Amino acid sequence: MSDSRSESYAAAGVDVTAGYEAVRRIRPLAEKTYIKGVLGGLGGFSGLFEPSLEGMKRPVLVSGTDGVGTKLKIAFLLDKHNTVGIDCVAMCVNDIVCQGALPLFFLDYLAVGKNDPAQVEAVVSGIADGCRQAGCALVGGETAEMPGFYPPGEYDLAGFSCGIADYDQLITGADLKEGDLLIGLSSSGLHSNGFSLVRKVFDVNEKTLSAYIPELSCTLGEELIKPTRIYVKTIWHLMHTVGIKIKAISHITGGGLYENVPRMMKPGLTASIRRHSFPTLPIFDIIQSQGKIPSRDMYNTFNMGIGMILAIDKNDVGAALDALVCCNERAYVIGCVVKGEDGIELC
């Protein structure tokens, strides 16, 4: 590498040499995610990927982008940075698989107040872990040092992913009908949503995060930092190994069940969901009790224990549930599709 440095830029708070060290640390992390189709490596102006179109009649690119949100505040307080990257990947690839697409590659955008190569390495290690869980490649990204914009030690993190599906295998909800059943896949906890409310409820600080909560069997901080579950390989197994036709999928993110479930319904149909058909994780009971939050608001903010909902023909549910057990998923029949215009009814 050339002797590229600027004393004037360093005096303004941007250390380009720290950037070079960060790239040196993250290159092997990215390389461990490489799958067939990756061309070149880190360091170019863009990431290259050659998709296999064999057997596809009408390939469609499916893309998604998202961030981690104020869950990052928990990472800062805990000084734990090696899991939020999983959240970032999950929020993107879980959306992509809702359309029946297979994520191919991922790029990240990390904006820091001061470039700390060890911290950058920790963040990217989580991103690489998430990519491996999703079966996609980390082909590039950007680390921007922005002194005066973010405090030292803090950062923002966003991700971008692209996947592919054959047009005839896209999941669109067009085949939904009355009587189809809804299968809920358990979440790992809060995932990456509702943390502004969570931080207010618990008055989050280093002391409150270190408190051991018997109902959780861990500290509050350990519970809140749990990474988002990635469902890509599970959905792909159901569709392409078991041969289950999934008619619609909803990723339960910001806005909870009330906002996300109607997005999988087509006009004239509603998801009728039984609240007591799946266990509500203890963290949600604690949040509701401590914050004195109405049930309607809880289901309109959090996933309440269900990270993804699948709509499947009732005749396929038995086979689907058996396959989900093999994928180590906790799955529940949580309701059915009925006639209606509201998109969702909780009973």
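At 71% relative accessibility, K292 counts as exposed, where exposed means over 50% relative accessible area, buried under 20%, and partly exposed in between (1.4 Å probe, protein chains only). K292 sits in the loop between helix 11 (282–291) and helix 12 (295–299); helices (H or I, at least four residues) and strands (E, at least two) are DSSP runs, numbered from the N terminus. Although K292 is not a glycine, its phi is positive, at about 50°. The structure is a predicted model, in which local features need pLDDT of at least 70 and side-chain atom pairs count only at pLDDT 80 or more, while totals for chains, interfaces and linings use all residues. Residues are numbered from 1 along each chain as its sequence is written, and side-chain values use heavy atoms, with hydrogens and water left out.

A positive phi also occurs at H191, a residue other than glycine, with a value near 60°. H191 belongs to the loop between strand 7 (181–186) and helix 6 (195–202). H191 has a relative accessible area of 1% and is buried, whereas K292 is exposed. A glycine with positive phi, G243, comes just after helix 9, and its angle is about 85°. Helix 9 spans residues 232–242, and its buried residues are V232, T234, I235, L238 and M239.

The protein chain contains 13 helices and 14 strands. Its radius of gyration is 21 Å, close to the 20 Å that the globule rule gives for 347 residues, so the protein chain is as compact as a globular protein of that length. The radius of gyration is taken over C-alpha atoms, and the globule rule is 2.2 Å times the number of residues to the power 0.38. Along the principal axes, the C-alpha atoms of the protein chain fill a box of roughly 70 × 55 × 35 Å. Of the 347 residues in the protein chain, 50% are buried. The accessible surface of the protein chain is about 15,900 Å², and carbon and sulfur atoms hold 51% of that area; accessible areas come from the Shrake-Rupley method with a 1.4 Å probe, and for residues only the protein chains shown count as cover. Among contacts (heavy atoms within 4.5 Å) in the protein chain with a separation of 6 or more, 85% are between residues 24 or more positions apart.

Two buried residues illustrate contacts across the sequence. Y155 lies in strand 6 (residues 155–166) and is buried at 3% relative accessibility. Not counting residues up to four places away in sequence, Y155 touches L72, A75, F76, H81, V84, L110, A111, V112, Q119 and V123. The C-alpha atoms of Y155 and G85 are separated by 12 Å, with their positions 70 residues apart along the chain. M91, placed in helix 4 (residues 84–97), is buried at 2% relative accessibility. Apart from neighbours within four places in sequence, the contacts of M91 are D66, G67, S192, N193, T228, H251 and T253. From M91 to G67 the C-alpha distance is 7.1 Å, and the two residues are 24 residues apart in sequence.

Two exposed loop residues were also examined. K57 occupies the loop between strand 2 (48–49) and strand 3 (59–67), and its relative accessibility of 74% makes it exposed. K57 is 31 residues from I26 in sequence, and their C-alpha atoms are 37 Å apart. P214 is in the loop between strand 8 (212–213) and strand 9 (218–219) and is exposed, with a relative accessible area of 57%. Between P214 and G44 the C-alpha distance is 50 Å, at 170 residues apart in sequence.

A search of the whole structure returned one cavity of 30 Å³ or more. On a 1 Å grid over the protein atoms alone, a cavity is a set of points where a 1.4 Å probe fits but cannot get out, and lining residues have an atom within 4 Å of a point. Grid points are joined across faces, edges and corners, and a volume is the space filled by probe spheres set on the points. The largest cavity holds about 40 Å³ of space. Its lining consists of L190, N193, I252, T253, F284, T301, F302 and N303. N193 and T253 of this lining are also among the contacts of M91. By class, the lining has four nonpolar residues, four polar and no charged; Ala, Val, Leu, Ile, Met, Phe, Trp, Tyr, Cys and Pro count as nonpolar, Asp, Glu, Lys and Arg as charged, and the others, Gly among them, as polar.

Notes:
On a 1 Å grid over the protein atoms alone, a cavity is a set of points where a 1.4 Å probe fits but cannot get out, and a pocket is an open set with protein on both sides within 12 Å along at least five of seven lines; lining residues have an atom within 4 Å of a point.
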